[in-house]
Structure formats: structure tokens, C-alpha cells
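Reader: Please take one chain of this model and go through its backbone closely. I would like the cut-offs stated along with the values.

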Amino acid sequence: MSGISSLPGSTDKNPTPFYPDHLFVEGVAAIAVFLVIVLIAFVWQVPLEEMADPGDTAYVPRPEWYFLFYFQLLKYFEGSLAVVAIVVLPALTLALLVLLPFLDRSAATGIRKRPLTAALALASVLCIAALTALSVLEDESHLYTMDLPPVTDEQIAAGEEIFGRFCQICHSVDGKGGFMAPDLTQIGARANRAYIEQVIIDPQIVNQATIMSVIPLSDAERHEVSAYLSRKK
Amino acid sequence: MNRIYQFIDERLHLGPLISEIANHPVPDHANLLKTPKAIIYCFGGMVFFILLLQVLTGVFLMFYYVPSPDHAYASVTYIRQETAFGGLLQSVHRVGASAAVVMVMLHMLRVVLTGSYKNPRELNWVVGVFLLLLVAGFSFTGYLLPWDQKAYWATTVGVNMIAGIPLIGGFLADALRGGSEVGALTLTRFFVIHVMVLPALLTIFLAAHFFMIRRQGISRPL
């Protein structure tokens with residue numbers, strides 16, 4: 001039996017008992033976690049969409065955020081390659097996870113003495129983070145489609161003028177403008193034109209807590225602004 | 001109080017059992033009172049706490065929830081709008097699911113970075129991997145239950161993916177759906193898996209996880 005006290009290298013002189021001292025610490029931590037969960041639950045009212053309609057095949061679903069990386073991964077393996085993302089990669093990952101303690105058998109536990117394991121762990125975290133980020137970015141611009149007039153140079157010029165009058169008080173572009181709202185210098189690379197139009201029509205679609213107000217623009221003026229912004233890349 | 005305990009202890013001889021659970025020493029490197037770095041040893045305990053929270057909120061949701069396509073959406077709407085604190089309750093269950101995933105990831109990272117999966121704890125690591133799969137299963141099955149558009153179509157996509165597995169995929173997908181499309185049978189299946197099958201498996205694997213921690217102790221410091 002490899003109990004804590006008999007472990008080599010254990011130098012603790014007066015180890016704390018689990019009950020009540022350690023349980024108290026865990027309890028305090030649990031209360032903190034609980035409060036954070038309730039706070040988030042309170043602020044972010046869980047959305048409930050329309051009732052399921054099996055006939056509405058145009059609906060594009062999104063998985064929960066922690067499955068987004070996998071959702072994004074699937075996009076890179078289409079058609080006959082899908083089997084790679086559905087079977088091969090998950091099976092390899094699972095096998096690697098289960099076998100980890102049997103592959104990494106050295107006695108070393110320090111992270112600097114195990115560069116391969118450390119690198120693999122770091123790479124996995126970075127991959128998941130990057131795929132999640134990509135999924136979110138692509139999502140925002142591809143969710144929205146609209147019938148829009150083609151972009152002309154006149155539109156872009158007029159859009160820049162309108163942007164200066166209404167938007168630049170809060171939004172900055174190329175270093176000029178307010179700090180109240182996100183910088184839009186490269187908005188064209190992050191969002192498509194339809195998405196920009198949607199935000200102008202209803203700012204709340206991006207973020208329910210946004211302070212952006214509905215800007216009173218005519219359809220033509222809005223097209224001009226979206227034409228201008230969609231070219232800011 | 002003391003006499004009640006004595007009455008029970010004389011008959012069941014609980015003393016050694018209780019001291020086995022409560023009186024073991026916690027090493028300094030995992031003790032937040034002695035070193036702030038010990039916070040990384042907290043994540044596993046927090047996963048357990050959040051799972052308890054999920055059970056509790058889940059029980060209250062189940063008081064009202066009806067797992068049929070005709071009533072699921074209406075019963076969730078009822079919970080949100082008509083019951084006392086129902087909206088908050090559902091939110092906590094949903095946020096709790098996310099919190100559990102975050103804590104599981106942090107716990108796993110801690111175990112990898114401190115090399116805690118090594119001899120003699122290989123088996124506990126493997127049990128932990130199964131617990132990770134169980135948490136993913138809870139998330140996948142729970143997502144369908146509100147029966148809104150997102151629930152229905154996300155599940156359709158998910159099960160279609162399973163159908164893409166060569167040879168057995170078609171059978172697996174049909175078994176999970178109870179047919180060729182996501183419908184009434186899918187909802188009852190996912191509900192039963194979510195509230196019966198997975199909790200039973202979770203209890204068994206968690207018990208094994210905790211038993212091994214007590215038997216083997218918390219891994220020594222870096």
C-alpha cells in the first residue's frame with residue numbers, strides 16, 4: 001500500500017487531517033464555485049429557442065461550446081475523409097489517453113524532466129483552443145445571409161462618411177475614433193457584410209448586454225456602411 | 001446525540017470505517033492552508049461538488065420535466081416561467097454542466113503536469129478517462145431534453161456522425177434514435193440514459209476513483 005505517509009520524499013512533519021481542516025478548505029472552495037455558477041446562471045439567462053421542428057431542415061445547429069473544437073475539426077474532413085474525424089482521430093486520442101501511464105513509465109514527475117508529455121499536453125490544449133476560436137469566428141460571419149446590392153466605390157465613400165458621423169464616436173477605425181466600442185479596423189476579415197448589416201439593424205444579436213443603440217439609417221445608408229466596413233480588412 | 005451514536009456504533013462498529021474516511025492526513029503540498037500552490041489539487045474535489053450540484057438541480061428539474069415530444073418543450077417552459085426560481089434552476093443546471101467540463105479539464109491537466117498518473121496510479125488514470133467520457137455522455141444526452149430547435153438539430157447532427165462509423169455506425173445510430181429519425185423514442189432513450197444509466201455508471205466509477213485515491217494517497221510533490 002502506497003499511503004501518503006509512507007511515500008518516499010514526504011517531508012511533512014505535521015500533516016493536516018482531512019477532517020475537519022481540509023474538508024473546511026474544500027467547503028470554502030465549493031461555496032466559491034457555487035456562487036460563481038449561480039452568478040453566471042443569473043446573469044446569463046439560458047436561452048430556449050423555438051420548439052423543435054423536424055421539418056425545418058434549414059436550421060443550422062451549434063453544439064455546446066466545449067464540443068465546438070470537434071465540430072470545427074469535422075469541417076476539415078469532408079466526404080470520404082469524414083471517417084478520419086469520426087473514427088480514426090477519436091480512437092487514437094482515446095487510446096493515447098488510456099495508454100498514457102503505460103507509455104510514459106519513467107519515475108520522473110517534474111514537468112521539466114518529461115518534455116515529450118509536457119509538449120503533447122501543451123499542443124493538445126493549444127489545438128483545442130485554436131479550433132474553438134476558429135469555430136466561433138467562422139460562425140459569426142457565416143450564420144447570416146442576406147440579399148445585398150453589389151459593392152461600388154461610391155457606396156464605400158458614402159459609407160465612410162456615414163460611419164464618421166454616427167459610429168466613430170464609439171468605434172475606432174485605423175486609430176481614429178472612440179474607445180467605447182470594439183475597434184473595427186479589420187472587421188471585414190472577421191465578419192461578412194450580412195453580419196454587419198444584422199448588427200446595425202439589431203445590435204443585441206451579438207451580445208444581449210451591448211450598449212449599442214439602434215442607429216436610424218435608411219436601407220441605402222446601411223448598405224453603404226456595410227459596404228465600407230466589409231472592405232476594412 | 002452521543003448516545004444515539006453509541007447505540008449505532010455498538011451494533012455496527014463504525015469507528016474504524018469513519019476514521020478510514022475522515023482521519024487520513026493531507027500532505028502539505030496539497031493543503032491550501034499551507035501553500036497557495038495547492039489550489040491545483042482542488043479541481044478534482046470541485047468536479048465532485050459540481051456533480052452533486054447537478055444531481056440536486058437535476059432532481060428538481062425532473063419533478064416537472066416530461067420526456068415526450070408533445071410535452072417536453074412545454075414542461076421546460078413551465079419550469080422557466082411558472083415555478084419558483086425555475087428559470088434560475090435550469091440555468092444553474094446548464095451552467096453547472098459547463099463548469100463541470102472546465103473543472104474536469106483543469107483536473108486532467110493537473111494530473112498530467114504533476115505526473116500523477118504514474119506508477120502506482122495507472123488504474124486510477126484509466127478510470128478517470130472513463131469518467132471524462134461519462135461527463136461527455138451527460139452533456140450529449142442532456143442537450144436534447146429541452147426539445148427546442150437547437151436541441152433537436154444538434155442531436156440530429158451528432159447521431160448522423162455516429163452513423164458515419166463504418167460497419168457498425170448505422171446500427172448504433174438506429175439503436176440510439178430508436179428508428180431512422182430523431183423522435184419520441186430518441187427523447188425517452190436520451191432521458192433514461194441521462195437520468196438512470198449514466199448516473200449509475202458515474203456512481204460506480206467515482207467510487208472506484210475515490211477508493212483508489214484513499215488507498216494510494218495523493219501523489220508526492222514535484
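Author: What follows is a walk along chain B, from its overall make-up to single residues.

The model is predicted, so local features are taken only at pLDDT of at least 70 and side-chain atom pairs only at pLDDT 80 or more, while totals for chains, interfaces and linings use all residues. Residues are numbered from 1 along each chain as its sequence is written, chains are lettered from A and ligands numbered from 1 in the order in which they are written, and side-chain values use heavy atoms, with hydrogens and water left out.

Chain B holds 9 helices and 1 strand; helices (H or I, at least four residues) and strands (E, at least two) are DSSP runs, numbered from the N terminus. In order from the N terminus, the elements read α-α-β-α-α-α-α-α-α-α. Along the principal axes, the C-alpha atoms of chain B fill a box of roughly 55 × 50 × 35 Å. Of its 222 residues, 46% are buried; buried means under 20% relative accessible area, exposed over 50%, and partly exposed in between (1.4 Å probe, protein chains only). Taking contacts (heavy atoms within 4.5 Å) between residues at least 6 apart in the sequence of chain B, 65% join residues at least 24 apart.

The first loop to look at lies between helix 1 (2-12) and helix 2 (15-22) of chain B, and it contains B:His13. This residue is not a glycine, yet its phi is positive, near 55°. B:His13 is exposed, at a relative accessible area of 59%.

Helix 5 of chain B covers residues 86-113. The expected span of a helix is 1.5 Å times one less than its number of residues. For the 28 residues of helix 5 this gives 40 Å, and the end C-alpha atoms are 40 Å apart, so the two agree. Just after helix 5 of chain B comes B:Gly115, with a positive phi of about 60°. The loop between helix 5 and helix 6 (122-144) of chain B also holds B:Pro120. The peptide bond that joins B:Asn119 to B:Pro120 is cis, with omega about 10°.

Further along chain B, B:Leu167 sits in the loop between helix 7 (149-163) and helix 8 (169-177). B:Leu167 has a positive phi of about 70° without being a glycine. Its relative accessible area is 88%, which counts as exposed.
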